[in-house]
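Trainee: I have a model open on my screen and would like to talk through how its helices pack and where its salt bridges sit. Could you go over it with me?

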Amino acid sequence: MATSNHDVAADEAGATVKFENVQKSYDGETLVVKDLNLDIARGEFITMLGPSGSGKTTSLMMLAGFEPATHGEIYLDGAPINNVPPHKRGIGMVFQNYALFPHMTVAENLAYPLKVRGKSRSEIDERVRRALAMVELPEFGARRPAQLSGGQQQRVAVARALVFEPNLVLMDEPLGALDKQLREQMQFEIKHIHENLGVTVVYVTHDQTEALTMSDRVAVFNDGVIQQLSTPEDLYEHPMNSFVAQFIGENNKLSGKVSEIDGDECVVHLDTGETVRAAAINVDGVGARTTLSLRPERVEIQPGPELGNSLEARVREMIFLGDHIRVRLAVAGNEEFIVKVPNKHDEHELKEGETTTVGWHASDCRALDPIEVA
Ligand code: ADP
């Protein structure tokens, strides 16, 4: 894919990005991005995911060039860019509020990034036509943004970010203003465009489902720090601390202290007095506090003795969801303990208010570093 001479990025689809010891403070005191180190591969779709205020947008703005880094360096295709102004970085951008020029037609909006790059009239026409086809709006060039629906406007915004064939596209909550159905449709469209073009995408969202659906890798942010960077599957199956376990997917938490470590496993003395075995994933040693993480689909109600762990539980609520039953229980002080029970005829029928037991394999119960949302 060709890029203009003004662009920093190399003449190849997709750019590499590197954040090296990047910090950001707006007021000279508090670091809102603490020590960001992140390598993004050519053509990768990477998502910065985290709660509001965790530093995602600030990190993206530093990459775009709209905010200077307080410390550290950012590289685009191996070249340092801290001193390169935004319009010379050759980066496409899409934000939540479309930011289309209201007085221009759709075609004029798309032509704009090409005009400022000095493209010829015939090349502009051809690229605008292709960009409109890509987002499935071939007939909409003559309309003004106000004559389009929210979803159509956002498609035009995506087309405008891609029309000058950048190697890197930044998207900050681009689907946040759309309703659920349109959002899901656009997730797939953006994903397909990414696959077809081979462009590198850095995407910001606070929506974990969106992050898991679209990304090659997800960087989970909390309080200006990447808590874990991995594939969606790995983040779900192998969270390294209780923040990530809580933020990705559904999670049951139990708190206690490590009383014994035995190879890969540990014994945890819960704050409510019970003792359980868990996988020693990220524990500081005997005596350290830990938060246990249990996925609802890995817990059994009335487990057989072979599971090794069994705790008393009180059934609080049962919700029938067709293929499974979602049971809410009180377990070791956690009143919101969720278990998903497959819908089988032969299951013992539970009743609300009844006392039962829950259990799990030690390997499905992860003893983690107890990090909470900042
Ligand atoms: P996120 O994108 O994860 O919601 P942000 O990067 O927007 O987080 O914000 C991180 C922190 O920096 C927040 O505490 C926010 O209030 C603060 N912040 C963001 N932009 C500015 C700004 N322009 N001036 C001062 N503080 C800011």
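Trainee: Is the crossing of helix 2 and helix 3 left-handed or right-handed?
Mentor: Happy to help, and keep in mind that this is a predicted model. The axes of helix 2 and helix 3 (residues 121–134) come within 9 Å. Their crossing is right-handed.

Trainee: And is helix 2 roughly parallel or oblique to helix 3?
Mentor: Start from the angle: the two axes cross at roughly 125 degrees. Angles of 65 to 115 degrees count as roughly perpendicular and those over 145 as roughly antiparallel, while the rest beyond 35 are oblique. That makes helix 2, relative to helix 3, oblique.

Trainee: How many residues of the contact of helix 2 with helix 3 are charged?
Mentor: On the helix 2 side you will find V106, A107, L110, A111, L114 and K115, which meet R121, I124, R127, V128, A131 and L132 in helix 3. Of these contact residues, 9 are nonpolar and no polar ones appear. The number of charged residues is 3.

Trainee: Now for helix 2 and helix 4: at what angle do they pack?
Mentor: Look at residues 106–115 for helix 2 and residues 150–162 for helix 4. Their axes lie 8 Å apart, and the packing angle is about 25 degrees. Angles under 35 degrees count as roughly parallel, so helix 2 is described that way relative to helix 4. To come back to your question, the value is about 25 degrees.

Trainee: Which residues in helix 4 meet helix 2?
Mentor: From helix 2, the partners are V106, N109, L110 and P113. The contact as a whole divides into 5 nonpolar residues, 1 polar and 1 charged. In helix 4, the residues are V156, A159 and R160.

Trainee: Let's move to the salt bridges. How many residues apart are E184 and K180?
Mentor: These two side chains form a salt bridge, with the closest N and O atoms 3.0 Å apart. Both residues lie in helix 5 (residues 180–197), and their spacing is about one turn of the helix. In sequence they are separated by 4 residues.

Trainee: Is K180 exposed or partly exposed?
Mentor: Its partner E184 has 36% relative accessibility and therefore counts as partly exposed. For K180 the value is 54%. Exposed means over 50%, so K180 counts as exposed.

Trainee: Where does E250, the salt-bridge partner of K340, lie?
Mentor: The side chains of K340 and E250 meet at 3.8 Å, N to O. This pair links distant parts of the chain, 90 residues apart, with K340 in strand 18 (residues 334–342). K340 is partly exposed at 29% relative accessibility, and E250 is partly exposed at 26%. E250 lies in the loop between helix 8 (242–247) and strand 11 (252–262).

Trainee: Which residue forms a salt bridge with E335?
Mentor: E335 is in strand 18, and its partner is 19 residues away in strand 16 (residues 311–320). The closest N and O atoms of the pair are 3.6 Å apart. The partner is R316.

Trainee: Which residues do salt bridges that share partners join into one network with E335 and R316?
Mentor: Both members of that pair are partly exposed, E335 at 37% relative accessibility and R316 at 29%. The model's count comes to 24 salt bridges. Joined with E335 and R316 in one network are R314, E317, R328 and E336.

Terms used
Residues numbered from 1 in each chain as written. Predicted model: local features only at pLDDT ≥ 70, side-chain atom pairs only at ≥ 80, totals over all residues. Heavy atoms only, no water. Axes fitted to C-alpha atoms, helices over the stretch in contact; angles between N-to-C directions. Helix = DSSP H or I, 4+ residues; strand = E, 2+ residues; numbered from the N terminus. Contact = heavy atoms within 4.5 Å. Nonpolar A, V, L, I, M, F, W, Y, C, P; charged D, E, K, R; others polar. Salt bridge = Lys/Arg side-chain N within 4 Å of Asp/Glu carboxyl O. Buried < 20%, exposed > 50% of the residue type's maximum accessible area, 1.4 Å probe, protein only. Left-handed = near helix turned anticlockwise from the far one by under 90°.
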